[in-house]
Structure formats: structure tokens, C-alpha cells
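This report describes the arrangement of strands, helices, domains and chains in the structure shown below.

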Amino acid sequence: MQSKWDIGEPEKPTINTETEQLKSDLLTLNMGPQHPATHGVLRLEIWTDSEIVAHAIPHLGYLHRCMEKHAENLDYRGIIPFVDRLDYLAAMNMEWTYVAAVEKMLGTEVPRRAELLRILVAELQRIASHLMAFGTYALDLGAFTPFLYAFDEREKILRLFEEVSGARLLYNYVWVGGVWNDWTDEQLVRVAQFCDVMEEEAKKYNELVSKNKIFVERTANVGVFTVEDCLSYGATGPVLRGSGMKWDLRKNKPYSLYSEFDFDVPVGEGEEGRPGDCWNRYMVRMKEVIQSIKIVRQVLEKLEPGPIMGKVPKIIKLPKGEVYVRHECPRGELGIHLVSEGEKQPFRLKVKSPCFTHVSMLPHVAPGQMIADLVATVGSIDIVLGEVDR
Amino acid sequence: MLNVDFNKLAELINRNVPGANAVVNEAADTKCDSSITVDAAKIYSVVEFLKTNKEMPFNSLQVISGVDYVEWMEVCYMLAHFDLETPREFILKVKVTDRVAPAVDSIVKLYAAANFQERECYDMFGIKFNNHPDHRRILCPDDWEGFPLRKDYIAQKVYNGMEVYPDGKMNFEDREFVVRQDMIKKAQTQAAN
């Protein structure tokens, strides 16, 4: 006998926008700027046909802090704290990219220990950032518990960073020529302990969330980006890898000492849903956590005592010219276009923000989705508005 | 820059896009990056060629960055080829000399990434992109005056009845504004002519 809850196959959502009459029935909704699911102050203007999204138009700029204009009046060292505040969840990676651009123009030799410490903090920061993405994404989809688990582990990384740099989120730790402070052996032992704990925790997260029936139903086959979409929109990082392209700057164009390290590049394989959907993007991040742990362990093996600061002139003046440097950050490739006219300040500093690119993909994927699925999609591309608006 | 032979690429562009006038800007310092400048009127055909050619294709647009050199403005297109064997990237530039009504052709039809990037470039430098499907400001409010990243930009005093740039907000003596003040004067006289 058919139960009264069994309503058969769900109806496929359709939008009727053919006639002017129906167009006028579209309801305009504002998602944000103060909306918990948009991860900051993103405003999405959504035109809806009942619960189906017909158009989504992102409105940016609520967190615009004129960082690029400020940078033109600051000296090269003074910009580092400003760069921190771009992606405040992955400040170490931001600093490193900017510093790498300055170092490339300056021709600085960075000591080996400093480079290894940079890789160490960058990978720990990647884990912290992905944990945040994991926790808030589950929260977006209605699961509160994973958020607490994720923050528990993330806190351990932040404590280590606090001890070594003096700040929890915005570090000013990676300096031109090296790093600001050395790690003690005791701290490195704690990093090793953290790696062991994190590996076990990651398994727990996978059991708790990744294969959870409700989670899979909410995310599999939702918000699909093909590789062609990603390339046309210039998407990078977990979004591009989630679509199935095995592209990682650390592997394909190794910078720093990454060529010495042994790690895999996880891609969306479509264990659930298909490559390019929310579930696969999420899963790439979870697999990257494991790879980052692998890199951190190798760093700990390679670390030897030595200087942590190279020779840098007291007042940095860069030669006339320009560079474009990009690094693999947790959210995608951050690019720094630095133009110098030989002054103490940069002539122009342009930040290529991965999140800005990913937000521009929302109007492409939103039409035809349910509003709740749009929330799932926005969460899965893991945007930080500090970086979008700069 | 990666895996790009600039002289060969410039020759390729000149051979296939008549009137593109591609010139290699060899970096004076070896640590800096070289780039290629093409004629602003031909940017659409050049990018179309770069995207579709077989010899040296570029399948992705990374970012569009404007630079104001006071005498002229530049739009820099960072093109990249995401390919596992031969990844490539390089900077393509166009020069815009008109400060009053600068305009170049939009390349949104070729790369979807250009949509937001061109809007940002318009927002910050006031460069108009012809045939852009959604030509609005993006980071600043729609009714904001002026283009902030131009060197001659002076913030408006009052915005919608709010005082946003009061006298004495900036300590002009404290910082090294001399260079910038010169640029402002230079650009203003240029715009006046």
C-alpha cells in the first residue's frame, strides 16, 4: 500500500519566462548583504519563479577597502599587513604571494629554512582554511555539529600561528627575504602531533558528512561547472580541480621548493554525483587536507637549523618594470601584478582574486536552480568577500 | 613568464592579424617580465586569434589589469594556457592615450572571465569597453564620481549627503605625496588640452 508520505517522483523544475505576462510574475529577492549563507557581505539579487531561480545577479563592493589605491602610497614592507586582510582566512598564503612578487623583482635569495617554513605555514593555513570551508558548508546545509569539530582542529593551527607570529588571523609573518620568527623544536613536535590527530579527524569528517545521505542528496549534481566553463571564466583551485582538471600550480609550475615534495593533486572523480558539482568541489578540499598533511610531514623531515632571513636592503627600491606572479592559495590562484617605476612605493599593485572570478560564475549556474541549491552552490565555491572586494 | 617565445609570438600575431602592430616590450631588468603590446583597435581580433590558433593557443583569461602611466593608460590582459604538458602565460597590452573618453573593444564574447574584469577596469580607470553586455561599475557605487585608480583622482567631498572626504582627513605633509601631486597636475593639464 502506498504510504501517504510517498508522493512519487519529484517534479522537474521548469521556468516559464517565454511570455511577458509570466516574466512580470518573477519575484525579486535580495539574498544578503547580511545573510549568513553568503559568507560575508555578498548581495545576490535573485529573480525567482516561485522557488526556482531565474536569474542571479551578484552585487559586489560592500567590503571594498581601496587596498590597491592604498598600496600606491605605502612602501613595500608596509603593504604586507594590507595583503593579509584580503583573504583573512588564508593570510599566510596571501602574504607569501605578494612577498614572492617583490622578491622576484628584487632578486633576493631566500634561505632554505625560511622557504621550508613558508611551505609549512602555507600548508597549515590551507588545512585551516579548508576546515573552515568544511564547517561552514555543512552549516549552510543545516548540519551544525561538523562546524564545531572543524573549529576545534582549526583552533590548534591558529594557536601555533599565534605563538609563532603573535596574531591569530592576520599574521604579518612572511617578510621580504624570509620569515619574521623561527619555530622552536617544541612547536615543530606539536605540528607533528597535530598531523597525526588531523589525519584521524579527517576520516571522522568523511564518515560524518561526506557520505552522509542527506549531504549527498543536497550537493550531488547541484551547481555543475564543466571544465570548459571553468577555463572560460578563468576559474582555478578547487573549483577547476573539482571539475576534473588536474591542474595545480604547485605541480604544474612548481614555485619555491615544491618540486622537491611528493604529493598528489586530488581531482573531482565523481564518486557521488558527477565531476564539477558541489559534492566534488567539497571532496577535493577534503582530499587536499590529507595532501597538505603529507607535505607538512615532509617539511618537518627536511627542516635543518639555519638562517631565516636573507639579505635585503634597508629601503626596498625595485627596478623599473613589472611582474605577474601567481601562487596556489586555498581558494584558487592568487595573482599579483606589480608595476614599479623605481620608487619606494609600487606604481600599481593589482590583485587577481580567485573568489572574484568564482563569484562571476554564479549567474551562469544559478538559472533553473532552487533557492536552497543556490545556497549550496555559493557555499561550495567557498568565497571570502575580503578578497572579492579588496 | 612561462613557455612563451615573445619574438615568435609577436611575429605570429603580426602575420595573422593585419594591422595588429605587435611589439615586444623586452624587460629592461632580467628579473622583470616582458610583454607584448598590440594596437588598441585590433584587440578583439588579436585575442580571438590567440584563443583559436593551433600553434600557441591560450585557453584562459586570468585577469585584466589597468595601469595609469599619466601620459597614457594601459590595459593588461594576463592570458594563460592551462595545459598539463605545456602551460603558458603572458601579458598582452594595449595602450590608450585618450584620457577623456578612453575606449577599447570588449572581449566578453571570447572569454566569459572578461565580463567582471572589464567592469572592474571601467570602475577603476574609466576605460569604456565597447559591446560589453553589462557595462556598469562593480566595486564602487553606481553614482560614484571619478575613477579611483587614476593618478589624477581626487575623492569627492560629499556623497549622497554624507561627507566622505573632509578637509584634513589626509596628512599631506606626513607622507610622500609630492610625486603623486606632480602626477595629478600633469594629468590634469593633459586632460585640459
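In this predicted model, chain A contains an open sheet of three strands in the order E6-E7-E8, paired in the antiparallel sense. Its edge strands are E6 and E8 of chain A, each of which pairs on one side only. From one strand to the next, the twist averages 15°. Nine bridges join E6(A) and E7(A), which run antiparallel. One of the bridge pairs links His327(A) with Leu334(A) of E7(A). Helix H4(A) packs on the sheet and touches E6 and E7 of chain A. The direction of H4(A) makes about 150° with that of E6(A).

The strands of this sheet recur in the contact between the chains. That contact takes 36 residues from chain A and 32 residues from chain B. Several elements of chain A each supply at least two residues of the side that touches chain B, among them the following:

| Element of chain A | Residues |
|---|---|
| Helix H4 | 91–106 |
| Strand E6 | 321–329 |
| Strand E7 | 332–340 |
| Strand E8 | 348–352 |
| Helix H13 | 354–359 |

Helix H2 (67–71) and helix H9 (227–233) of chain A also each supply at least two residues. E6(A) gives the most to this side, with four residues. By class, the side of chain A that touches chain B divides into 12 nonpolar, 12 polar and 12 charged residues.

A helix pair is also found in chain A. Helix H7 (residues 185–210) and helix H12 (residues 278–302) of chain A have axes that come within 10 Å and cross at roughly 165°. An angle over 145 degrees counts as roughly antiparallel, and H7(A) and H12(A) are therefore roughly antiparallel to each other. The crossing of H7(A) past H12(A) is left-handed. On H7(A), the contact residues include Leu188(A), Val191(A), Cys195(A), Met198(A) and Tyr205(A). H12(A) contributes, among others, Met283(A), Met286(A), Ile290(A), Ile293(A) and Leu300(A). The residues of this contact divide into 14 nonpolar, two polar and two charged.

Chain B is divided into domain 1 (6–150) and domain 2 (151–193). How many Å separate the centres of domain 1 and domain 2 of chain B, taken over C-alpha atoms? The separation is 28 Å. Nine residues from domain 1 of chain B and nine residues from domain 2 of chain B make the contact. The side of domain 1 of chain B that touches domain 2 of chain B has four nonpolar, one polar and four charged residues.

Notes:
Residues numbered from 1 in each chain as written. Chains lettered and ligands numbered in written order. Predicted model: local features only at pLDDT ≥ 70, side-chain atom pairs only at ≥ 80, totals over all residues. Contact = placed C-beta atoms within 7 Å. Nonpolar A, V, L, I, M, F, W, Y, C, P; charged D, E, K, R; others polar. Axes fitted to C-alpha atoms, helices over the stretch in contact; angles between N-to-C directions. Parallel < 35°, antiparallel > 145°, perpendicular 65-115°, else oblique. Left-handed = near helix turned anticlockwise from the far one by under 90°. Domains from an automatic or database assignment. Pairing = 2+ DSSP bridges.
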